[in-house]
Structures are given as structure tokens and as C-alpha cells.
Amino acid sequence: FGEAKNTHEADARFRFSRLGAGRRRLLGAAGKTAKQARDVSAALRIALRSEFAYALLLEDDWVACHGFLGGLLTATARAAAVHGRFSALRVSYGLNGIVVPRDRVASLREHVDRRAAAKPPDLAFTE
């Protein structure tokens with residue numbers, strides 16, 4: 001991610017942001033699952049303060065492969081060309097690599113909030 005930021009930081013199509021890191025924790029307990037969901041919801045709420053076309057959800061310990069941003073641009077352009085408006089595009093696994101158009105970010109945040117006590121956000125996302 002650092003390499004991509006260094007390479008593309010001046011490109012107006014990208015905005016790199018990072019929330020403050022919290023203490024690492026294992027998921028499984030209901031309280032920890034709800035905390036992760038609240039963290040994701042907070043990140044999405046903060047993102048909505050900025051102008052952007054797509055948000056990309058990534059976990060802080062995820063390492064992007066070489067050429068990831070170029071592939072991401074290609075995948076997003078193809079999805080838009082084939083489907084027009086789309087709700088989300090998954091380009092990886094778990095909570096990593098979920099591309100969400102700006103006009104769908106608020107509804108995703110609301111859904112994660114509603115499911116916070118029941119499921120981790122990556123599983124709530126697939127519902």
C-alpha cells in the first residue's frame with residue numbers, strides 16, 4: 001500500500017487515508033465483532049466527508065500485489081461498462097478489496113450498523 005501511495009499520491013483519481021490504528025484483537029466474541037463493525041462504519045462515515053467516485057475497503061494488514069491499482073482501475077471500468085451502476089465490486093476476499101460507488105457507501109454503512117451485533121462486517125457485506 002505504501003508503494004502504491006508513493007507512486008499514485010499525486011494522481012487526482014486516488015486519495016489515500018488511514019484511520020488511527022487501534023489495538024489488535026481476535027474476532028469471535030460478540031463485543032469484538034460489534035467493535036469491528038463500528039470501526040468500519042466510522043471509516044465509511046469519515047470517507048463520506050470527501051469527494052470521490054469509489055471507496056475501496058482494505059484492512060490495515062493487507063498487502064496489495066504489484067500492479068493492484070492498475071488492475072483495480074481496469075476492473076472498475078469494466079464493471080461500469082457492463083453493469084452501468086453497480087452496488088459493489090469484490091476484487092479480493094474478506095473485508096479487503098471491496099469497491100463501493102460513493103452513492104452506495106451510506107447504505108452499506110447503515111447495513112453494517114444494523115448487523116453489527118450479529119455478524120462481522122465482511123460477512124454482513126455478502127448479505
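Biologist: How do I read the two faces of strand 3, and are the residues on one side and the other buried or exposed?

Modeller: In a regular strand the side chains alternate between the two faces of the sheet. Strand 3, one of the DSSP runs (E, at least two residues for a strand; H or I, at least four, for a helix) numbered from the N terminus, is covered on both faces: I98 and V100 on one side, and V99 and P101 on the other, are all buried, where buried means under 20% relative accessible area, exposed over 50% and partly exposed in between, with a 1.4 Å probe and protein chains only. Please keep in mind that this is a predicted model, in which local features need pLDDT of at least 70 and side-chain atom pairs count only at pLDDT 80 or more, while totals for chains, interfaces and linings use all residues. Residues are numbered from 1 along each chain as its sequence is written, and side-chain values use heavy atoms, with hydrogens and water left out.

Biologist: What is the order of the strands in the sheet, and which are the edge strands?

Modeller: Strands are taken to pair if DSSP finds at least two bridges between them. The three strands form an open sheet in the order 1-3-2, with antiparallel pairing, and the edge strands, each pairing on one side only, are strand 1 (54-57) and strand 2 (89-90). Strand 1 pairs with strand 3 (residues 98-101) over four bridges; within this pairing V100 is the bridge partner of A55, and I98 that of L57. Strand 2 meets strand 3 over two bridges, again antiparallel, with L89 standing opposite V99.

Biologist: Which helices lie on these strands, and at what angle do they run?

Modeller: Contact here means heavy atoms within 4.5 Å, and angles run from 0 to 180 degrees between N-to-C directions of axes fitted to C-alpha atoms, for helices over the stretch in contact. Helix 4 lies across strand 1 and strand 3, running at about 110° to strand 3.

Biologist: S92 is in the loop between strand 2 and strand 3; why does S92 count as buried?

Modeller: S92 counts as buried because its relative accessibility is 18%. Leaving aside neighbours within four places in sequence, S92 is in contact with W62 and G97.

Biologist: How is empty space found, and which residues line the largest cavity?

Modeller: Rolling a probe the size of a water molecule over the atoms shows where empty space is left. On a 1 Å grid over the protein atoms alone, a cavity is a set of points where a 1.4 Å probe fits but cannot get out, a pocket is an open set with protein on both sides within 12 Å along at least five of seven lines, and lining residues have an atom within 4 Å of a point. The largest cavity is lined by V40, L44, L57, L95, I98, L108, V112, P121 and F125, and helix 2 (30-47), helix 4 (102-114) and helix 5 (121-125) each give at least two residues to that lining.

Biologist: Which residues line the second largest pocket?

Modeller: S87, A88, V100, R104, S107, L108, H111, A124, F125 and E127 form the lining of the second largest pocket. Helix 4 and helix 5 are the elements that give two or more residues to this lining, and helix 4 has the largest share, four residues.
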